[in-house]
Amino acid sequence: MGRIYTRGGDKGKTHIFGGGRVNKDDTRIEAVGTLDELNAQLGIVRTLLPMEDESQAILYKIQFELMGVMSLVVTPSPLIDQNPNPLPERMAKYCEEYIDKLLNQLPESAYFILPGGTPTAAHLHMARTLARRAERRLWKLNREDAVPSCIMEFINRLSDLLFVMARFELYRDGAKEEQWKLFHYKRKKK
């Protein structure tokens, strides 16, 4: 590996795919930075899980895909076809399949859940909040420059998956979910 520092960012600018330079607080960089935080948080979750845990492989795949997503997000839409990283076209479905698998093992819940319970569940909830923030940053970027819809769908579904994984972690550990309020707005009117 060459030098880690270039001094190029000392004046508040950074390179993006295609050779352009933008401010370090540019909408695109904010989105990529939040995805990077999310990826790091998923790394923390993986350190808390036994190596043989099924979630290790799921989270590894998600982390790997997030690296490609970050590269794509830092690419202006006119240059997206020049980026060698593939779009995460199947990742929303991948998350849905694992959500369904976990939900089939969980009791139904009609409550908002307080984050916490166990260290792993708490860190999964933290990852969920970072996924939600990343999604908000991506939608802001999308108003300025189109973000591929499969990226938006993946990050949206990922936050759902992380919520279900946190619930499953509590269930598997025999820990009680701390409930807040009923989902009154989800009740069907008679």
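**Helix α5, its aromatic pair and the nonpolar core**

Tyr-171 is partly exposed, its relative accessible area being 45% (with a 1.4 Å probe and protein chains only, buried means under 20%, exposed over 50%, and partly exposed in between). The structure described here is a predicted model, in which local features need pLDDT of at least 70 and side-chain atom pairs count only at pLDDT 80 or more, whereas totals for chains, interfaces and linings use all residues. Residues are numbered from 1 along each chain as its sequence is written, and side-chain values use heavy atoms, with hydrogens and water left out.

Tyr-171 shares helix α5 with Phe-168, and because these two residues are three apart in the helix, about one helical turn separates them. An α-helix has 3.6 residues a turn, so residues three or four places apart point the same way. Unlike the partly exposed Tyr-171, Phe-168 counts as buried, at 13% relative accessibility. Two aromatic pairs are counted in the model (rings of Phe, Tyr and Trp, the last by its six-membered ring, pair if their centres lie within 6.5 Å; planes under 30 degrees apart are stacked, over 60 edge-to-face, and the rest tilted). The rings of Phe-168 and Tyr-171 have centres 6.5 Å apart and planes at 40°, so this pair is tilted. Another ring, that of Tyr-94, has Lys-61 over its face at 5.3 Å from the ring centre (NZ of Lys or CZ of Arg must be within 6 Å of the centre and within 35 degrees of the ring normal).

Helix α5 itself covers residues 149–173 (helices are DSSP runs of H or I with at least four residues, strands are runs of E with at least two, and both are numbered from the N terminus). From the first C-alpha to the last, the 25 residues of α5 reach 36 Å, close to the 36 Å expected at 1.5 Å a residue (the expected span is 1.5 Å times one less than the number of residues). After α5 comes Gly-174, which has a positive phi, near 75°. Arg-167, also in α5, is buried at a relative accessible area of 6%. Leaving out residues up to four places away in sequence, the contacts of Arg-167 include Leu-103, Pro-107, Glu-108 and Glu-177 (contact means heavy atoms within 4.5 Å).

The largest nonpolar core has 48 residues, among which Ile-62 and Leu-162 touch the most other members (such a core is a set of buried Ala, Val, Leu, Ile, Met, Phe, Trp, Tyr and Cys residues joined through side-chain atoms within 4.5 Å). Helices α1 (27–48), α2 (54–73), α3 (91–103), α4 and α5 each supply at least two residues of this core, and α5 gives the most, with 12 residues. Apart from residues up to four places away in sequence, Ile-62 touches Leu-42, Met-91, Tyr-94, Phe-154, Leu-158 and Leu-161. Ala-127, found in helix α4 (residues 119–144), counts as buried at 0% relative accessibility. Its neighbours within four places in sequence aside, Ala-127 is in contact with Leu-38, Gln-41, Leu-42 and Leu-162.

No disulfide is counted, the total being zero (a disulfide is a pair of cysteine sulfur atoms within 2.5 Å). The sulfur of Cys-95 has its closest cysteine sulfur in Cys-150, 12 Å away, which is too far for a bond. Both residues are nevertheless buried, Cys-95 with a relative accessible area of 0% and Cys-150 at 11%.
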